Number of protein chains: 2
Amino acid sequence: MSAAPASPMPGFNARLAARWRDADTLLCVGIDPEPGRYPAPLVDDPDRAFAFGKAIVDATAEYACAFKPQIAHFAAQGAEDALERLIAHVHAKHPGIAVILDAKRGDIGSTAQQYAREAFERFRADAVTANPYLGSDSLAPYLAHADKGVVVLCRTSNPGAADLQDLPVAGSDGTTRPLYQRVAEKAARDWNDNGNLSLVVGATWPEQLGEVRAIVGGDIPLLVPGIGAQGGDVQAVLQHGLNADRTGLIISSSRAILYASSGADFAEAAARAARETRDRINRHR
Amino acid sequence: MSAAPASPMPGFNARLAARWRDADTLLCVGIDPEPGRYPAPLVDDPDRAFAFGKAIVDATAEYACAFKPQIAHFAAQGAEDALERLIAHVHAKHPGIAVILDAKRGDIGSTAQQYAREAFERFRADAVTANPYLGSDSLAPYLAHADKGVVVLCRTSNPGAADLQDLPVAGSDGTTRPLYQRVAEKAARDWNDNGNLSLVVGATWPEQLGEVRAIVGGDIPLLVPGIGAQGGDVQAVLQHGLNADRTGLIISSSRAILYASSGADFAEAAARAARETRDRINRHR
């Protein structure tokens, strides 16, 4: 009898669903190392971007369904190499936890191919965030990687989100809906042939989160930043964003976990903050 | 008599206007080094991203009002260091020519600050391209650098641009206008306090270019990609996009110049293509 063929690596959405189930957590830990906020023991470490990220990852992995490093925080410091090693560390030590590279790229197709190489080949991320302003051909090079996740901005968590995303768009059916809902419609209907698309909807707008969930159905994961330092309400997020399985959300916190302490106990404090956030989420599920 | 105080470095728009006038060119040379398209003499050069960029810069500087390196083409190859040295080379050898870092970043304010550091401090670019989907606070950290240019996407050159940018947005005055025109309105009216904003409008849409010029007036430069490999019509671009001074345009060509020859004569071929493009533009001005 010949051996069965090796099964392909499960895709991002399947790995995420397995982690939601097996670790009972919807918490995503964002890794945004700000130059002026390293904890005291790492301030003089020449490899502090990696050392900080690794300590946070190892301390919080138990409570995390995903990690989300934010690339600008590495690039501003010329620390791409630290980011490469950090993601390799997650794959090696915490293989059940997917890495979402928060890059929010958006460019014409030939350039988007280079950005897809950056995210998936160079940094070996499992998913990448992307900006929809340039339309379908700017997203296609990411979406073509069926085993990778593509997390498209829909309604972002920041105050200025309303400037464009809430503009009233007239539809061919005579209805008028905000732009972010048109993005959700296109994402679910036109862009998700490989079933590997997710959407970003900020925790600071729980009602809009509910509108997006209603538009896209239960199978598209929603990445929800803004419950920590930005002040989003966890209970409202869950009420409006959960699917019928009581999952479907990647609830991201960065600064409230990373900077829970600036002292020698920063990793323990991060672990405590992550555990408490996971538990707070689960109490309201 | 004491010496007069050193005058501050003129801003991006002033330097651009000086170069339009002094060198009589509206051509911007885009530098997008694709991994599979290096000319034969550089294929085996370990520093080929820099060597190629430097050869193109030196060969085409005479005909260029700006250089526009596209960051993904460096990042996908792990060649950020080459990009840093390339931009330093432009500043050292061609100080009248501004460098626009084509990065199309867009993120919440705290992260946009890191992207601004990446563009202006790490890479020392004179201007950066940015995506407006996240609204005013995502652009503010770039725009706060009054001496730097911020080139905001408006109507991009790619086929998918229509997906979002042409959606009909209802205005409070009862009119309905495409999203890209709302972006142009906000840019000119709300976002340009420091007079350092420009807009991207693809050469592939000359009528939309005319609409944008009419909305923003003559003082906001328009960066126009798409006249080379993407097939935009130079005469139509000039007819619709020039301001009353017969300037106001940064007309960008990348692949048609970079890859004019794949042989040992690639730099001479690039110079010839750049000169011909500049002349073609000037014939229609």
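The contact between the two copies takes 44 residues from chain B and 44 residues from chain A, where two residues are in contact if their C-beta atoms, placed from the backbone, lie within 7 Å. This is a predicted model, in which local features need pLDDT of at least 70 and side-chain atom pairs count only at pLDDT 80 or more, while totals for chains, interfaces and linings use all residues. Residues are numbered from 1 along each chain as its sequence is written, and chains are lettered from A and ligands numbered from 1 in the order in which they are written.

**The interface and its symmetry**

On the side of chain B that touches chain A, at least two residues each are supplied by α3 (71-75), α5 (109-122), α6 (136-143), α7 (162-165), β6 (168-170) and α8 (179-189) of chain B; helices (H or I, at least four residues) and strands (E, at least two) are DSSP runs, numbered from the N terminus. The largest share of this side, 7 residues, comes from α5(B). By class, the side of chain B that touches chain A comprises 18 nonpolar, 16 polar and 10 charged residues, with Ala, Val, Leu, Ile, Met, Phe, Trp, Tyr, Cys and Pro counted as nonpolar, Asp, Glu, Lys and Arg as charged, and the others, Gly among them, as polar.

A turn of 180 degrees with a shift of 0.0 Å along the axis lays chain B on chain A with an RMSD of 0.0 Å, the copies being superposed by least squares on the C-alpha atoms of residues with pLDDT of at least 70 in both. The two copies are thus related as by a two-fold rotation axis. In chain B, the C-alpha nearest the axis belongs to V169(B), at 2.3 Å from it. The same surface serves both copies, since 100% of the contact residues of chain B recur in chain A.

**Helix α9 and its surroundings**

In chain A, 8 of the 11 residues of helix α9 (residues 206-216) are buried, so this helix is largely enclosed by the rest of the structure. A residue is buried if 20 or more other C-beta atoms lie within 10 Å of its own, exposed if 12 or fewer, and partly exposed in between, with C-beta atoms placed from the backbone. The buried residues of α9(A) are P206(A), Q208(A), L209(A), E211(A), V212(A), R213(A), I215(A) and V216(A), and they pack against β5, α8 (179-189), β8 (197-201), β9 (222-225) and α10 of chain A. Just after α9(A), G217(A) takes a positive phi of about 80 degrees.

In chain B, helix α9 (residues 206-216) packs on α10(B) at an angle of about 20 degrees, with the axes 8 Å apart; axes are lines fitted to C-alpha atoms, for helices over the stretch in contact, and angles run from 0 to 180 degrees between N-to-C directions. That makes α9(B) roughly parallel to α10(B), given that angles under 35 degrees count as roughly parallel, over 145 as roughly antiparallel, 65 to 115 as roughly perpendicular and the rest as oblique. The crossing of α9(B) with α10(B) is right-handed; a crossing is left-handed if the near helix is turned anticlockwise from the far one by less than a right angle, and right-handed if clockwise. From α9(B), P206(B), E207(B), L209(B), G210(B) and R213(B) meet A236(B), V237(B), H240(B) and G241(B) of α10(B), and the residues of this contact divide into 4 nonpolar, 3 polar and 2 charged.

**Helices α10 and α12 of chain A**

The axes of α10 (residues 234-241) and α12 (residues 266-284) of chain A come within 9 Å and cross at roughly 50 degrees. That makes α10(A) oblique to α12(A), and their crossing is right-handed. V234(A), Q235(A) and L238(A) of α10(A) make the contact with R280(A), I281(A) and H284(A) of α12(A).

**Loop residues**

Two residues of chain B other than glycine have a positive phi: D24(B), at about 50 degrees, and R246(B), near 60 degrees. The table places these residues, together with H145(A), in their loops.

| Residue | Loop between | Other C-beta atoms within 10 Å | Class |
|---|---|---|---|
| D24(B) | α1 (12-23) and β1 (27-31) of chain B | 14 | partly exposed |
| R246(B) | α10 (234-241) and β10 (249-253) of chain B | 12 | exposed |
| H145(A) | α6 (136-143) and β5 (149-155) of chain A | 19 | partly exposed |

Not counting residues up to four places away in sequence, H145(A) touches A116(A) and F120(A). H145(A) and N196(A), 51 residues apart in sequence, are 8.5 Å apart in space, C-alpha to C-alpha.
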